Structures are given as structure tokens and as C-alpha cells.
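Got your viewer open? Let's take a walk through this one, one selection at a time.

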Amino acid sequence: FAPRHLLSIADLTPAEFATLVRNAASHKRAIKSGAIPQSLIGSLSGKTVAMMFNKRSTRTRVSTEAATVQMGGHPMFLGKEDIQLGVNESLYDTSVVISSMVSCIVARVAKHSDVADLAKHSTVPVINALCDSFHPLQIIADFVTIYESFTPKAHSLSSLGLEGLKIAWVGDANNVLFDLAIGATKMGVDMHVATPKGYEIPADMVDIIQRSGEGVPTPGKLIQTNIPEEAVKDADLLVTDTWVSMGQEEESKKRMKAFEGFQITDDLAKRGGAKEHWKFMHCLPRHPEEVSDEVFYSPRSLVFPEAENRLWAAISALEGFVVNKGKIVE
Ligand code: CP
Ligand code: NVA
């Protein structure tokens, strides 16, 4: 039996992605109203979820641990000082050993090839908790937030009814953007991306994003520009992330300079002509240079519901990949 892994939103069909989002939203509603779905109670009982984290984390760590406990399982946090991952032991050896003792590995590593290697040799599902290319748990939570905040049209099994929505991403082309753009393409949501010159989405990633729309009746379109005002024109949602991702700290000074003029502000939204009721999202942690306080703490900002939705996304992903062994069903 080969386990099914979640390394990127690209691993999911549109129907599976939409189902993970809908399940997260419906579990949230049920649990908050005190009606815990029977199928979740004790669903990870007796199971251990190993959390191999080579980088810092607040949301991913807390949401994964809390989700595992809510489902009756045991989260085992293994930070980079705790285990031999990639330091004194090969990924192959680590993966074979850990997967022989637990029911799931949630891994935060630097390189995508590291999480892919772990998955290749693991006998249990591996869930990517962020690598340099993807952040699927974040994007499930982001689409829960979008689904809850915009009025979805009637939808089919493979859509969330968000077709035609327009997201403007202003800032760095990074892991969060890549998976967000893959999810958007699958859901028929357009992405207009503004990065400084030299910081565009790499060509091989553009290819992955565009190929993720294969078979989708009206895939979301990806448009790139170097002009923030162009990206925000007619946008329903403005999104950004840090300009300096973990591992890029040495480039910090150079990046601050390159990204001047890319801060999301009310003025940028006005100048560029965003929709009247535009909203704002950010995966967090946030720094003031990429978004002003006036936007970040305004009623337009969905950042705190978005962060909370990480919990519901983690429950939905653990249910799909561990409890239901990769069969993503309502
Ligand atoms: N958004 C996110 O993944 O946050 P953490 O790095 O704190 O987990
Ligand atoms: N792009 C950021 C996301 C953190 C959640 C990073 O990789 O550091």
C-alpha cells in the first residue's frame, strides 16, 4: 500500500481541493456550534503525527498540534535540534525509521526536494508544512477564508462557486503565492501578480501553475506585471506575504530596496482602482513594510480569520490524508 501525500495543491484534483476546503468550513461551523461530527471524534485515536520542523513556525505548528489532539491523536513535535534530519542522518534513513512508528509525517523543510524525498521513502502520508516551493495547508485555509468572505455562486463538486473573482498579489513571488496560484487556477479565480523586476515567478513554476488548470472548464488566469497599480485594478482581494522568506535573511537589505513601492496601502488600492469592497489577506507572520497598519488592522483585513482557518484546514487535511487514507470525500 503506497500512501498518498500532500506536497502541493497541484497534487489535488479541483474536486478534491474544493472538497478539502468545504470540509474544513463545515467542520468549523459544526464544531463551533458544539456539534462535533461523529466521523471526527477519536478518528486519530492511538495514532501519532510526527511533526518534523526544520524552520520556525507559529500557525502551522499550533494548528497541526491542536487538530491532532481534537481528533484524538498524539502530535509529536520534532524540531531541528531534536532529531538528526539531514544533519547526521540521511533523509532516506530518517523517513524509513520515523514512518515505521507513526501514522503521518507533517514536515517543514527548506527545499522541496527534501519533502519530496521524505515522501518517496515514507510508508505513511507526508503532509508538506511549507517548503521553498509550496504551502498547501495555508492555501486550503486561504480558500476557506475566501469561500466564507465572498458570496459563492452555485457550485459543482469540483468548484467552490468563486469563478471570476480576482486576486491581486503584490510583493514577492514565493512558496505561498505558487500554491495560491495553483489553487486559484483550479477554482477559476484570476491572479494578477505584481513583483519587482527580477523577482517574477520562475518559468518552470508558471508552467506548473498553468498546467494545474488542465481539464478545468474555466481555469483562473495568471497575469504578471512589474507595476503594482496594474495588478490591483478591479481586484476583489489584495494579498501579500513577507518580502524576505525564511532562508533569505542574507538578502534582506537588497530585497528591501528592490521591493520599494510594493507596500499594500489604501492609497495603492485607490490609485490602482481595486473594487470598492476589496479585502486583504496575508498568511502571517507580517512585517509593516509589505502592508500598512491602516490596511492590516482595518475591517477589510481577513488576516485573523485566515489564521484561525489554519486549524480547520489541518483537521480537513488530516481527515483526508490520514483517517481516510487519501480518499478525499465529503
Ligand atoms: N502562515 C504560516 O505558515 O505561519 P507559521 O510560519 O507561523 O507556521
Ligand atoms: N514565505 C514565507 C511564509 C511563511 C509562512 C516563508 O517561507 O518564510
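Start with the big picture, and keep in mind that this is a predicted model. Color the protein by domain: domain 1 takes residues 9-134 plus 310-323, and domain 2 runs over 139-307. If you drop a centroid on the C-alpha atoms of each, the centres of domain 1 and domain 2 come out 24 Å apart. Now select the contact between them: domain 1 puts in 27 residues, while domain 2 supplies 30 residues.

**Stop one: ligand 1**

Next, select ligand 1 and show what surrounds it. You should pick up Ser57, Thr58, Arg59 and Thr60, then Arg108, His135 and Gln138, and finally Cys283, Leu284 and Arg310. By class, that shell splits into five polar, three charged and two nonpolar residues.

Which side chains should you put a distance label on? Try Thr60, where a side-chain N or O atom is 2.7 Å from an oxygen atom of ligand 1. Go on to His135, with a polar side-chain atom 2.8 Å from a ligand 1 oxygen. Then click on Arg59, whose side chain has a polar atom 2.9 Å from an oxygen atom of ligand 1. How much of ligand 1 does the protein bury? On its own the ligand exposes 260 Å², and 95% of that is buried by the protein. Turn on a pocket surface here and you'll find ligand 1 sitting in the largest pocket.

**Stop two: ligand 2**

Leave that pocket surface on and select ligand 2, because the space it takes is also the largest pocket. The residues around ligand 2 are Leu130, Asn174, Asn175, Asp241, Thr242, Ser245, Met246 and Leu284. Leu284 deserves a click of its own: it belongs to the surroundings of ligand 1 and to those of ligand 2. Sorted by class, the ligand 2 shell has four polar, three nonpolar and one charged residues.

Which atoms of ligand 2 do the polar contacts reach? Label Asp241 to start, since a polar atom of its side chain lies 2.7 Å from a nitrogen atom of ligand 2. Ser245 also has a polar side-chain atom 2.7 Å from a nitrogen of ligand 2. For Met246, switch the backbone on: a backbone N or O atom there lies 2.8 Å from an oxygen atom of ligand 2. Finish with the area: ligand 2 alone has 270 Å² accessible, and the protein covers 95% of it.

Definitions and conventions. Residues are numbered from 1 along each chain as its sequence is written. Chains are lettered from A and ligands numbered from 1 in the order in which they are written. This is a predicted model: local features need pLDDT of at least 70, side-chain atom pairs count only at pLDDT 80 or more; totals for chains, interfaces and linings use all residues. Side-chain values use heavy atoms; hydrogens and water are left out. A residue is near a molecule or strand if one of its heavy atoms lies within 4 Å of it. A polar contact is a pair of N or O atoms within 3.5 Å; within protein, one must be able to donate a hydrogen and the other to accept it, and residues adjacent in sequence count only if both atoms are side-chain atoms. Accessible areas come from the Shrake-Rupley method with a 1.4 Å probe; for residues, only the protein chains shown count as cover. On a 1 Å grid over the protein atoms alone, a cavity is a set of points where a 1.4 Å probe fits but cannot get out, and a pocket is an open set with protein on both sides within 12 Å along at least five of seven lines; lining residues have an atom within 4 Å of a point. A molecule sits in a cavity or pocket if more than half of its atoms lie within 2 Å of its grid points. Ala, Val, Leu, Ile, Met, Phe, Trp, Tyr, Cys and Pro count as nonpolar, Asp, Glu, Lys and Arg as charged, and the others, Gly among them, as polar. Domain bounds come from an automatic or database domain assignment. Contact means heavy atoms within 4.5 Å.
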